Amino acid sequence: MSAPLSGQAVAKSGVVEGAPIPAARPGSGRTGRWLALASRHRVALTLAFLLVFPWIAPYQALAVNILVLGLYALGFNLLFGYTGLLSFGHAAFLGGGAYGSGIAIVHYGLHPGLALVAGTLLATLIAAAMGVLAIRTRGIYFAMTTLALSMCVYYAFYRAESFTGGENGLRGINVPSLTLLPGLRLDLIDPVVKYYAVLAVVGVAVWLFSRLLSSPFGAALEAIRENEGRAQACGYDVQRTKLVAFVISGALCGLAGALQAIHLSIVPIETMHYATSGQAVMMALLGGMGTFFGPFVGAATFSLLQDGLATLTSHWQLFVGAIFIAFVLFLPLGIWGEVLARLRRAGW
């Protein structure tokens, strides 16, 4: 699959949230106005849904996992959906954030808040190092380069057994409570408390992500996705813009990894495996690439399928793969992207 073609397909469908919706669009009517209003308040609407999500999820611990994976897919979507660059190496950033946070807690005894910062910074550094090399390539070569580089990172962490635990993973990341202020302590053993503590961090990340898309930098990303040559002719520094997008994408995924380490109390080495990169691609496509809320829809769909099928059969990956193929064939815009497209086509 070619990333530029994927980005163009999304744009032609008109489902890129955050892009201006023409007021005089034929057939838009009241639906178009409602969608434009929803796009302007996308952060508030996203957080409003996430606030009630633990009460409609099968159980709260799964809701926390979906929230973390949603942030992971959101970071990947910045590069794939909005910039048009397909990466198979984002597991390196998720794992880098998880290991950075876990090592800070286990080996150095840092406060969980500082551990989140440490994990995010480590993932950002990994993204910067990978990005300098990867952005020199295009298309499938870019995807293969990110895959190869991520496997190099995987092997480096696998061999650093004294810090990472090697094939056994990093254990002992015990954060039973979180002290915010003197006399104010959160009990993270309670899954509901943990969910809203994680949501507070994710909410800030979502707000920053929205501000980024609404900025001139966000417009530059979409210009590169649509036509890289034309964007360069318009005066954009394409290489530098892609590198910055790559690094920011890695930072968001690293933050998700840091939250995941605290949530699970362990960092398995599989976090950095290329299969985890495939999960990011799957969640972005299931939810709708190039959409603001789509990554959370994709993360919820993937996690619910995995959780439900794993209780029925040990071969759940086979069924998830078949369902994913069906979604790609019959809902090529993803679940949320298809919803937006149909609403706009049926405008009244």
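In this predicted model, E222 counts as buried, at 18% relative accessibility. The cut-off for that class is under 20% relative accessible area, so the value for E222 falls within it. The side chain of E222 meets that of R225 in a salt bridge, with 3.8 Å from N to O. Both residues belong to helix α10 (residues 216-226), where they stand 3 residues apart and are thus separated by about one helical turn. R225 is buried as well, with a relative accessible area of 3%.

R225 has a further partner. Its side chain also forms a salt bridge with that of E226, at 2.7 Å from N to O. E226 counts as partly exposed, at 29% relative accessibility.

In total, the structure holds 7 salt bridges. Side chains of opposite charge can pair when their charged atoms come close. Another such pair is R138 with E228, whose side chains meet at 3.2 Å, N to O. R138 lies in the loop between α6 (112-134) and α7 (139-159), while E228 is in helix α11 (residues 228-233), so this salt bridge ties together parts that are 90 residues apart in sequence. The surroundings of the two partners can be described in turn: R138 counts as exposed, at 56% relative accessibility, whereas E228 is buried, with a relative accessible area of 17%. The pair also belongs to a network of salt bridges that links R138, E228 and K242.

From the charged pairs, the description turns to the packing of two helices. Helix α4 (residues 60-80) and helix α13 (residues 274-287) pack with their axes 9 Å apart and at an angle of about 80 degrees. Angles of 65 to 115 degrees count as roughly perpendicular, and α4 is therefore roughly perpendicular to α13. On the side of α4, the contact is made by L69, Y72, A73, F76 and F80. On the side of α13, the contributing residues are T276, S277, A280, V281, M283, A284 and L285. What classes of residue make up the contact of α4 with α13? There are 10 nonpolar and 2 polar residues, and no charged ones.

One of the contributors from α13 is S277. This residue is buried, with a relative accessible area of 1%. Leaving aside neighbours within four places in sequence, S277 is in contact with Y72, F88, G89, H90 and A91. Among these partners is Y72, which is also one of the residues through which α4 meets α13.

The model also contains a hairpin of two strands. Strand β2 (residues 177-181) and strand β3 (residues 184-187) run antiparallel and are joined by 4 bridges. Within this pairing, L178 stands opposite L186 in β3. In a regular strand the side chains alternate between the two faces of the sheet. The hairpin has 2 residues between its strands, and G183 takes a positive phi near 90 degrees.

A positive phi also appears at S265. Most residues other than glycine have a negative phi. Where is S265 found? This residue lies in the loop between α12 (238-264) and β4 (266-267). Its phi is near 65 degrees, a positive value in a residue other than glycine. S265 is partly exposed, with a relative accessible area of 26%.

Technical notes
Residues are numbered from 1 along each chain as its sequence is written. This is a predicted model: local features need pLDDT of at least 70, side-chain atom pairs count only at pLDDT 80 or more; totals for chains, interfaces and linings use all residues. Side-chain values use heavy atoms; hydrogens and water are left out. A salt bridge is a side-chain nitrogen of Lys or Arg within 4 Å of a carboxyl oxygen of Asp or Glu. Buried means under 20% relative accessible area, exposed over 50%, partly exposed in between (1.4 Å probe, protein chains only). Two strands pair if DSSP finds at least two bridges between them. Axes are lines fitted to C-alpha atoms, for helices over the stretch in contact, and angles run from 0 to 180 degrees between N-to-C directions. Angles under 35 degrees count as roughly parallel, over 145 as roughly antiparallel, 65 to 115 as roughly perpendicular and the rest as oblique. Contact means heavy atoms within 4.5 Å. Ala, Val, Leu, Ile, Met, Phe, Trp, Tyr, Cys and Pro count as nonpolar, Asp, Glu, Lys and Arg as charged, and the others, Gly among them, as polar.
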